[in-house]
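Q: Please take a close look at one part of this model. Which surroundings does it have, and how does it relate to the bound molecule?

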Amino acid sequence: MKILVTGGAGFIGGNFVHYMVNKYPEDEIVNLDLLTYAGNLETLKPVEDKKNYRFIKGDIADRDFIMELFQKEKFDVVINFAAESHVDRSISDPGIFVQTNVLGTVVLLDACRAFQVKRFHQVSTDEVYGDLPLDRPDLFFTEETPLHTSSPYSSSKASADLFVMAYHRTYGLPVTISRCSNNYGPYQFPEKLIPLMISRALAEEQLPVYGKGDNVRDWLHVLDHCIAIDLIVRKGREGEVYNIGGHNERTNLEVVKTILKALGKSEDLIHYVTDRPGHDRRYAIDPTKMEQELGWKPIYTFDTGIPETIDWYLNHKEWWQNILSGEYKNYFEKMYGERL
Ligand code: NAD
Ligand code: TYD
């Protein structure tokens, strides 16, 4: 099989490329990525010399380029990870989220139609369901939960999902969608909560916790997400949505305190800052469909995955310190300067 992975120089796409290249030596994995601020070829170093792997730089929203690429390559499967993925950035600058997440997805769908791709898989997010109240721990997102978005990021992802489903219903395009909860693990860009807190705690810098730190996220190790996507692409039913999550809910404060404890750092580093506008309160996935239909079960719990992840960041300082020394410095100053 020839598989196009878009956004494979990012966090989840990068982990997915590693997983697929090693697991399926007979398949050809082509990684297409624009190398935005979030894309990093250092992440692909462990696989770059493998025979079944290739990298192509390009924009999923560039219609002429995508059509030419699909005509030449004749992909069997397309898995779309490419996206602008950070909620805070979407609040400052929504336009690029529409461009990449919505228009880019539609260009890929058109190319899949034109060149008879056998499966298009859209990597979506649980954020399309909006949020749940903090005082209703009995409520979870199922695949039937209505889309009800809060941020420009989640709105762009929900729009893309609607186009994916429309292409299935209208044109019979063979599609699947996965909606996963928050991921953590190796190679995550240090603007996201867990690597941000690890890198700043190590430098004894203040840790910006939004609001009261009582918002809840449902954390899944990135490897469990990758395994789930592979299963959906191979065994999932066309036209279906699959929720992915492992019932690992934690408040942000719990996450930050766990990291501080593991690193032997003081809780005095915690600094409460102005809340994110429109901040979603709680995400929580009901993964019954993945478990019953595809036999998926996560390998990691939060308690087993987080120490391993902290060790990874301790052993790969060069990977994230390179990022912190670049353009990211300006971003951090702009985003947090007046708040810290
Ligand atoms: P990321 O920001 O780390 O990586 C995104 C990648 O996409 C980068 O390599 C970037 O260079 C590339 N990209 C951006 N615009 C592009 C374009 N126009 N053309 C080609 N490539 C482009 O994101 P991530 O955290 O790895 O998320 C990957 C996908 O998973 C996204 O679609 C996101 O919505 C979804 N998701 C993320 C999480 C999470 O917790 N991080 C949870 C559920 C779903
Ligand atoms: P994030 O990693 O940005 O993921 P998402 O917003 O997609 O869930 O944030 C996870 C949670 O951590 C979210 O509730 C916002 C909070 N947060 C902070 O408290 N401080 C920070 O500096 C960041 C980046 C996030």
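A: Helix α5 comprises 20 residues, and the distance from its first C-alpha to its last is 28 Å, close to the 28 Å expected at 1.5 Å a residue. Helices here are DSSP runs of H or I of at least four residues, strands are E runs of at least two, and both are numbered from the N terminus; the expected span is 1.5 Å times one less than the number of residues. The model is predicted, so local features need pLDDT of at least 70 and side-chain atom pairs pLDDT 80 or more, whereas totals for chains, interfaces and linings use all residues; side-chain values use heavy atoms, without hydrogens and water. Residues are numbered from 1 along each chain as its sequence is written, with chains lettered from A and ligands numbered from 1 in the order in which they are written.

The buried residues of α5 (under 20% relative accessible area, 1.4 Å probe, protein chains only) are Tyr-153, Ser-154, Ser-156, Lys-157, Ala-158, Ala-160, Asp-161, Val-164 and Tyr-167. Their cover (contact meaning heavy atoms within 4.5 Å) includes the helices α3 (87–92) and α4 (95–114) and the strands β5 and β6 (175–180). After α5 comes Gly-172, with a positive phi near 70 degrees.

Two of the buried residues of α5, Tyr-153 and Lys-157, are also among the closest residues to ligand 1, together with Ile-12, Asp-33 and Ser-85. In total, 29 residues surround ligand 1, each with a heavy atom within 4 Å of it. At least two residues of this shell come from each of α1 (11–23), β5 (119–125) and α5 (152–171). Strand β5, part of the cover of α5, gives the most to the shell, namely three residues. By class, 13 shell residues are nonpolar, 12 polar and four charged; Ala, Val, Leu, Ile, Met, Phe, Trp, Tyr, Cys and Pro count as nonpolar, Asp, Glu, Lys and Arg as charged, and the others, Gly among them, as polar.

Polar contacts (N or O atoms within 3.5 Å) add detail around the ligand. An oxygen atom of ligand 1 lies 2.7 Å from a backbone N or O atom of Ile-12, and a ligand nitrogen atom is 2.8 Å from a side-chain N or O atom of Asp-59. A polar backbone atom of Val-123 is 3.4 Å from an oxygen atom of the ligand. Ligand 1 exposes 840 Å² when taken alone, and the protein buries 97% of that area (Shrake-Rupley method, 1.4 Å probe).

Conventions:
Polar contact = N/O pair within 3.5 Å; in protein donor to acceptor, adjacent residues only side chain to side chain. Buried < 20%, exposed > 50% of the residue type's maximum accessible area, 1.4 Å probe, protein only.
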